[in-house]
Amino acid sequence: MPKEKKYKWRREDYQEQTRGLLIVHTGNGKGKTTCALGLMMRAAGQGLRCCMIQFMKSRNDRYGEHVSAEKLGIEVHTMGDGFTWDTKNPEQDRQTARNTWNLCTEKLRSGDYDLLVFDELVYVLSYDMLPVAEVLEEIRAARDRQPSLHLVVTGRDAPKELIEAADLITEMTEVKHPFQAGIRAQRGIEF
Ligand code: ATP
Ligand code: MG
């Protein structure tokens, strides 16, 4: 349960006045995850209780954002297994997706958060590792229970059911990426 600090607003008022948004960051261009991190930084500054759950990052990954999130009191969970997502073991990938989704479900049901980010959930859905209908039903139920909840999901190839359900969708378009010029991942930009 995140710590409650003193802010110039009352939680009851906030919840009453807030219309929770379902936000999707999709597309082939870079910026889906970092945009979600930027939103959490903004929201945390407003005293909102934020949590990000990452489907694709390995439990052993410690990127710049993980260090910064800790300093800002933003909860981040990296649920992947370092050896999965290599498509060599689809059954294991499916199980990792399921375990990660179970944590998402727990957070959705807890009512303890104002902003939840499920990073790469869209990717997992687009690869049929979780049933879209089940995921959308859980999200719908959570938004019914807690209408002020903001939810961000990221990943390429958003399925049409998610697009229909969302309030805000931004598609990142690749215009140029340094990878095409053979430039490797840069510290602080990619990790
Ligand atoms: P970021 O985490 O930087 O916001 P992202 O979430 O939009 O990027 P993902 O689809 O999650 O990107 O891909 C993860 C990694 O792949 C990132 O490090 C990103 O820079 C890299 N990447 C994204 N788009 C491209 C691309 N078009 N070509 C090569 N690499 C890419
Ligand atoms: Mg990403």
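Helices here are DSSP runs of at least four residues, numbered from the N terminus. With that settled, the pocket of this predicted model is easy to walk through. The largest share of the lining of the largest pocket comes from helix 2, which puts in four residues. Helix 2 spans 32-45, and strand 2, spanning 50-58, also supplies at least two lining residues.

The largest pocket holds about 650 Å³ of space, and 24 residues line it. Those that lie nearest its centre are Lys 30, Gly 31, Thr 33, Lys 57 and Glu 190. Sorted by class, the lining comes out as 10 charged, eight polar and six nonpolar residues.

Ligand 1 sits in this largest pocket. Around ligand 1 there are 13 residues, and Lys 30, Thr 34, Glu 120, Glu 174 and Glu 190 come nearest. The shell breaks down into six charged residues, six polar ones and one nonpolar residue. Glu 190 turns up twice, then: it is among the residues nearest the pocket centre and also among those nearest the ligand. The same goes for Lys 30, listed both for the pocket centre and for ligand 1.

As for polar contacts, the side chain of Glu 190 has an N or O atom 2.3 Å from an oxygen atom of ligand 1. The backbone joins in as well: an N or O atom of the Lys 32 backbone lies 2.8 Å from a ligand oxygen, while a polar backbone atom of Asn 28 is 3.4 Å from a nitrogen atom of ligand 1. Taken alone, ligand 1 exposes 590 Å², and the protein buries 78% of that area.

Conventions:
Residues are numbered from 1 along each chain as its sequence is written. Chains are lettered from A and ligands numbered from 1 in the order in which they are written. This is a predicted model: local features need pLDDT of at least 70, side-chain atom pairs count only at pLDDT 80 or more; totals for chains, interfaces and linings use all residues. Side-chain values use heavy atoms; hydrogens and water are left out. On a 1 Å grid over the protein atoms alone, a cavity is a set of points where a 1.4 Å probe fits but cannot get out, and a pocket is an open set with protein on both sides within 12 Å along at least five of seven lines; lining residues have an atom within 4 Å of a point. Grid points are joined across faces, edges and corners, and a volume is the space filled by probe spheres set on the points. Ala, Val, Leu, Ile, Met, Phe, Trp, Tyr, Cys and Pro count as nonpolar, Asp, Glu, Lys and Arg as charged, and the others, Gly among them, as polar. A residue is near a molecule or strand if one of its heavy atoms lies within 4 Å of it. A polar contact is a pair of N or O atoms within 3.5 Å; within protein, one must be able to donate a hydrogen and the other to accept it, and residues adjacent in sequence count only if both atoms are side-chain atoms. Accessible areas come from the Shrake-Rupley method with a 1.4 Å probe; for residues, only the protein chains shown count as cover. A molecule sits in a cavity or pocket if more than half of its atoms lie within 2 Å of its grid points.
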